[in-house]
Amino acid sequence: MAEVAFEQVQKSFGAVQVLKHIDLTVHDGEFLVLVGPSGCGKSTLLRALAGLDGITRGRILIDGKVVNSLQPKDRDIAMVFQNYALYPHMSVRENLTFALKLRELKPQDIDARAREAAAILGLEDLLDRYPRHLSGGQRQRVAMGRAIVRDPKVFLFDEPLSNLDAKLRVQMRAEIRALHQRLKATTVYVTHDQIEAMTMADRIVVLNGGVIEQIGAPLDLYDDPDNLFVAGFIGSPAMNRVGGVYERIADGARVRIGDSVLAAPLVAASTGQRVVVGVRPEHLLPAPDGRLPFAVDVVEPTGAATELFGTIAGERCCVLVNGRTALKPGTVTMLRAAPEHVYLFDEESGRRLR
């Protein structure tokens, strides 16, 4: 496998700059996920690594070698696309072996690699079928198998699960992660789905507007976001955010939200400073001693938990309750949150106050 490095990478389409000074290292054997909203530059960065798109400035290195001027076929990477990109007139076996035949490998080596990939992905009984006879999940396995047989230095995945139904996405997430743990391959995976990012990544890179907002392990980003964008993007349901006023008091600090107050951590802010208060849905707890009124509008039971949607000081919020609840739409309940679960952000810049 290999380490991948982006050094001051920039990409522009005319006057529009879609990648801005990207500095990023993907460690040898790491599963790194690029995540962000549509148009953030994640697929552009992946395509630049693959050699499908050039870059305007900067360097891309694979295993210490600058690959800016190399053609895709010379970069020793394998890419799995969103639309599978299988040859419809070829059987599964032929799809798996086509690239190897172009490289003029020995027939026995080609057959051995194809059989090994088929065994890893459970395709042994499907080798003589054509793509039109396969389900979406089976086609995605074939696309992954076609990448595996090449034994590349780096695997690239471009939103490979977005065409699958919800149940199959969950299954394929686990299969791709298990495949990585087996092959220990350097992998760069692009998705807009932060649940995929959270459940699959060794590290996540959060992109926004062509800029890296934060890099870290999934739970590090969840527990310790650097700014409002990361706080709102990582986590489902998203972190609640309401406006408030920071106040220092004798025994600590609090934030005033409308006519109510909530205990808060001590941060580098002054009394009277306007802030954005962030609290994750699972940390807002209905309690008789709560001091934050929550007007319930919608109750969504999911079995193991119940999601409550409503308003706090006129702003939309979500509360996640374990198990069942007697709360109904139209009721008002009082909430509390421990200070260590209250995040404060600068109202203008969006950066985390610490």
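Which residue in β4 is the bridge partner of E7? It's R59, and that pairing is a handy way into this structure, which is a predicted model. The two strands behind it are β1, covering residues 4-13, and β4, covering residues 57-62; they run antiparallel to each other and are joined over five bridges.

Step back a little and you'll find that β1 and β4 belong to an open sheet of four strands, laid out in the order β2-β1-β4-β5 with antiparallel pairing. The edges of this sheet are β2 (16-26) and β5 (65-66), each of which has a pairing partner on one side only. As a reminder, strands in a sheet pair through backbone hydrogen bonds, and the pairing can be parallel or antiparallel.

Now look for the helix that packs on this sheet. That's α1, residues 42-50, and it touches β1, β2 and β4. The direction of α1 makes about 115° with that of β1. Seven of the nine residues in α1 are buried, so the helix is largely enclosed by the rest of the structure. The buried ones are K42, T44, L45, L46, A48, L49 and A50. For the general picture, an α-helix has 3.6 residues a turn, so residues three or four places apart point the same way. Right after α1 comes G51, which takes a positive phi of about 90°.

Go back to the loop between β3 (31-35) and α1 and you'll meet S38. Is S38 buried or exposed? It's exposed: the relative accessible area of S38 is 72%, and the cut-off for calling a residue exposed is over 50%. If you're wondering how S38 sits relative to a residue much further along the chain, take R352: the two are 314 residues apart in sequence, and their C-alpha atoms are 24 Å apart in space.

Next, the aromatics. A search of the whole structure turns up four aromatic pairs. In one of them, the rings of F31 and Y189 have centres 5.7 Å apart and planes at 35°, so this pair counts as tilted. The pair also ties together distant parts of the chain, with F31 in strand β3 and Y189 in strand β8 (residues 186-191), 158 residues apart. F31 and Y189 are both buried. Add F157 and you have a cluster, with ring pairs linking F31, F157 and Y189.

Two arginines also sit over aromatic rings. R132 lies over the face of Y130, 5.0 Å from the ring centre, and R280 lies over the face of Y222, at 3.8 Å from the ring centre.

Y189 turns up again in the largest nonpolar core, which has 46 residues; M144, I176, Y189, I204 and I234 are the ones with the most contacts inside it. What does I204 touch, once residues up to four places away in sequence are set aside? The list runs to V33, V35, A197, M198, Q214, I215, G216, P218 and L221. Apart from this core there's another, of 28 residues, including F6, L32, I60 and V205.

Finally, move along the chain to a second open sheet. Here five strands line up in the order β15-β19-β16-β17-β18, again with antiparallel pairing. The edge strands are β15 (285-286) and β18 (315-322), each pairing on one side only. β15 and β19 (residues 332-336) are joined in the antiparallel sense over two bridges, and L285 has R336 in β19 as its bridge partner. β19 also pairs with β16 (residues 292-301), antiparallel over four bridges, and there A295 stands opposite V332.

In a regular strand, side chains alternate between the two faces of the sheet. You can follow that pattern along β19: T333 and L335 point to one face and are buried, whereas V332, M334 and R336 point to the other and are not. T333 is a good one to zoom in on. With a relative accessible area of 13%, T333 is buried, because the cut-off is under 20%. Leaving out neighbours within four places in sequence, T333 is in contact with P286, L292, P293, F294 and L327.

Definitions and conventions
Residues numbered from 1 in each chain as written. Predicted model: local features only at pLDDT ≥ 70, side-chain atom pairs only at ≥ 80, totals over all residues. Heavy atoms only, no water. Pairing = 2+ DSSP bridges. Contact = heavy atoms within 4.5 Å. Axes fitted to C-alpha atoms, helices over the stretch in contact; angles between N-to-C directions. Buried < 20%, exposed > 50% of the residue type's maximum accessible area, 1.4 Å probe, protein only. Phe/Tyr/Trp six-rings, centres within 6.5 Å; stacked < 30°, edge-to-face > 60°. Lys NZ or Arg CZ within 6 Å of the ring centre and 35° of its normal. Core = buried A, V, L, I, M, F, W, Y, C linked by side-chain atoms within 4.5 Å.
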